[in-house]
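Me: Please take a close look at one helix pair in this model. I would like a connected description of how the two helices pack.

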Amino acid sequence: MAREKGYTKKNFLKGIIAENPLFVSILGTCPALATTKTVEAAIGMGLLFTIVLVCSSILVSLLRKLITDEIRTPAYIVIIATFVTLVKMFTNAFLPELYSTLGVFISLIVVNCIVLGRAEAYASKNNVFDSLIDALGMGVGYTLAIISMAFFRELLGTGAFTFGKIFTFIPTVKLQIIPKGYEIMMFQNPAGAFIVFAIILAVIAFIKNRKAELKANLEKQEKIRKAQEAKAAAAAAQAQTANGGDK
Amino acid sequence: MSKKHYIITAVTLGLIAATSAGLIGVANLITKDKIAKNEYNKTMSGISAIFEGAEIEKEYAVEDFKYANYVYELSEDTMGYDRYIFKTTGSNSYGKISLLVGIKEALANDANIQTFVFTNLYVITNEQSFATTLVDNYIDPLNNGERDIDDVSCSATYGAKLIRDMVNDAKEAAKALFTEEK
């Protein structure tokens, strides 16, 4: 089958911008609200989520011709749950701080709509390479989205960025941005997560609407220009006809 | 649908389940020692955090208690009072939690009645869905002496109630195991 040129790039980028799972499809909001207190925790969550998404998409795509319609959902759930269990075990063994920070939210990746959604909507209908790219794009898109939420929550809630507390293999670094006493603790609480999420969604909606308005204006102007051109051409033709008649 | 279709479907699902079980088994073999080592290190850190400088004299599993399942008998403090750490595990509909509970021997005033008082807590695993709220609003203030153990209103009330019950269970266990004539 002939492929559209640049399809792979488009397939990867759609998960980051046009079809961002968190900010456009509004999926996976529970861990996005709960694990975005710090940028480091968000990076960890995004990483684990991407691993599960990529691995399950590859396997679902590989087995797509074997899995019949009747067992589709249970088969996908078993595959996703297996990868989540593996990720949980390895995190507990090798990144214990990340394991205790994310707690139950690692197990909850099983019920994340994005993972099952991509398996059902994409991986079960496409080849392994395309499914891998799609999952990678969605994973990176989700990770960037939760990092952006954590950026504002950590900055406003603590006034600083701290690294090395969860990923203990890197040296501990604390970057104090806002002077102590001026931080807004609310942003570290669940209410702060909802406010940051709502503001980001509002900004995205504003940009989208503005873009649509600009596009509509451009189209309108183009239409007017074309109509004017047509009118001018008709007038010129009429004048030419009149001139020809005079002769 | 044909019989063959059903057989293929069943075999496929069976194979997926078996492969999953195999993978999890292999991962368990790879990680179990490391996880056990991490938990041991965390327990040792917890013991030092609760009773600084205390040494473990005896440790063993205990039964017959709802939450307490392991006890560490520590060296006496400078006043000659016994110190114990109870490992307790509990769960509710919000998830599982595993704690080290520090219990210290004390003598009630005006009488030689031996009592056991709670000192501090240390979290080993916290899989409660309100994990950080529980730590920030209940466990940390409790350890800093800013909150009474029975004051469980903390935006994670069910978790706090569970912890209160786990501490009380550890106290009961200490009473049952270590009460002696003074």
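Reply: What follows describes one helix packing within a single chain.

This is a predicted model, in which local features need pLDDT of at least 70 and side-chain atom pairs count only at pLDDT 80 or more, while totals for chains, interfaces and linings use all residues. Residues are numbered from 1 along each chain as its sequence is written, and chains are lettered from A, with ligands numbered from 1, in the order in which they are written.

Helix α3 (residues 39-62) of chain A packs against helix α7 (residues 113-123) of chain A at an angle of about 30°, and their axes are 10 Å apart; helices here are DSSP runs of H or I with at least four residues, numbered from the N terminus, and the axes are lines fitted to C-alpha atoms over the stretch in contact, with angles running from 0 to 180 degrees between N-to-C directions. That angle makes α3(A) roughly parallel to α7(A), a term used for angles under 35 degrees. The crossing of α3(A) and α7(A) is right-handed, that is, the near helix is turned clockwise from the far one by less than a right angle.

On the α3(A) side, A:V52, A:L53, A:S56, A:S57, A:V60 and A:S61 take part, and they meet A:I114, A:V115, A:R118, A:A119 and A:A123 of α7(A), where contact requires C-beta atoms, placed from the backbone, to lie within 7 Å. By class, the residues of this contact comprise seven nonpolar, three polar and one charged, with Ala, Val, Leu, Ile, Met, Phe, Trp, Tyr, Cys and Pro counted as nonpolar, Asp, Glu, Lys and Arg as charged, and the others, Gly among them, as polar.

For the wider setting, the domain assignment, which is automatic or from a database, gives chain A domain 1 (7-185) and domain 2 (189-247).

Notes: Helices (H or I, at least four residues) and strands (E, at least two) are DSSP runs, numbered from the N terminus. Angles under 35 degrees count as roughly parallel, over 145 as roughly antiparallel, 65 to 115 as roughly perpendicular and the rest as oblique. Two residues are in contact if their C-beta atoms, placed from the backbone, lie within 7 Å.
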